[in-house]
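Good morning, and thank you for joining this short presentation. Please look at the structure as it appears, and keep it in view while I speak.

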Amino acid sequence: MTMDIVSRFAAHGGQQLVAKHTSRATGTEMTFAVYLPPQAEAGPRPVLWYLSGLTCTHANVMEKGEYRKAAAEAGIIVVCPDTSPRGEGVADDEAYDLGQGAGFYVDATQPPFSPHFKMRTYIEEELPEVVAANVPADLGRQGIFGHSMGGHGALTIALRHPERFASVSAFAPIVAPAQVPWGQKAFPAYLGGDTSRWRRHDAVALIEDGARVKDILVDQGEADNFLADQLKPELLAKACADAGIDLTLRMRPGYDHSYYFISTFMPDHIAWHAERLGV
């Protein structure tokens, strides 16, 4: 459970770290970012996990997400993992939406992805162990959020583990991957053709099947070019309404799918989590 520090920068009174470790889940070296607010010097702090979208690494949100000021003020640790295993011998695809950079936060069962693509186990089990062993983290207080594919990951992980996560939010999430082209391409490649197995990795399906969280925050840009075909927030709105889940869905005129959008509303999301994490 050891990790090596790759880089360390002072930021807003705290420290922005990049770390790496050898993963037993993926069988590869994995890199992640962790921001330690200044309050972490005095003892354990709540943890907020951020899951990135297609093509991203830990670096995208670290460099463009603008979360540090709000995290420092709230005293929250922010952990940003990679989106997939990487390296020589790790399966890949020529397209951007499958293979390296596109793990979809599932444990693949199908070759050639099954040997290394164990992102569900990595995010849900292994990385928290690494963080707990090396960072002053209070894992009794955790929240999770993400963008696009990472929003899908955040929603599904929170719905599967409501006892673990006090808060969940997302920027432009893929809410029903089994019903849209991105998921209909990735899920057969990773999980096989049995669509009943896809439901544990689909937020709308999980809610339909009885999974519950207290509330969810979603921001969605109205100028997002993926909105109609890939994201379909109206499906989440209906599922939450039917299930009695308090969904705050904010449609943002003029905003697209980029980090210009994410960084604009990042402080709102940090504040949402801070309130529910008791800080």
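The largest pocket has a volume of about 180 Å³. Please bear in mind that this is a predicted model. Which residues lie nearest the centre of that pocket? They are L54, T55, C56, H147 and H257, out of 14 residues that form the lining. By character, the lining comprises 6 nonpolar, 7 polar and 1 charged residue.

Let us turn to the sheet. It is open, it contains 9 strands, and its pairing is mixed. In what order do the strands lie? Reading across, the order is 1-2-3-5-4-6-7-8-9. The edges are formed by strand 1, residues 4–11, and strand 9, residues 246–252, each of which pairs on one side only. From one strand to the next, the twist averages 20°.

I would now direct your attention to one pair within this sheet. Strand 4, residues 45–51, and strand 6, residues 137–147, run parallel and are joined by 7 bridges. As one example, R45 has A137 in strand 6 as its bridge partner.

Finally, I come to two helices. Helix 8, residues 233–243, packs on the sheet, where it touches strand 8, residues 215–221, and strand 9. The direction of helix 8 makes about 155° with that of strand 9. Which strands does helix 9 lie across? Helix 9, residues 259–277, lies across strand 4, strand 6, strand 7, strand 8 and strand 9. Relative to strand 7, residues 165–171, helix 9 runs at about 165°.

Thank you for your attention.

Definitions and conventions. Residues are numbered from 1 along each chain as its sequence is written. This is a predicted model: local features need pLDDT of at least 70, side-chain atom pairs count only at pLDDT 80 or more; totals for chains, interfaces and linings use all residues. Side-chain values use heavy atoms; hydrogens and water are left out. Two strands pair if DSSP finds at least two bridges between them. Helices (H or I, at least four residues) and strands (E, at least two) are DSSP runs, numbered from the N terminus. Axes are lines fitted to C-alpha atoms, for helices over the stretch in contact, and angles run from 0 to 180 degrees between N-to-C directions. Contact means heavy atoms within 4.5 Å. On a 1 Å grid over the protein atoms alone, a cavity is a set of points where a 1.4 Å probe fits but cannot get out, and a pocket is an open set with protein on both sides within 12 Å along at least five of seven lines; lining residues have an atom within 4 Å of a point. Grid points are joined across faces, edges and corners, and a volume is the space filled by probe spheres set on the points. Ala, Val, Leu, Ile, Met, Phe, Trp, Tyr, Cys and Pro count as nonpolar, Asp, Glu, Lys and Arg as charged, and the others, Gly among them, as polar.
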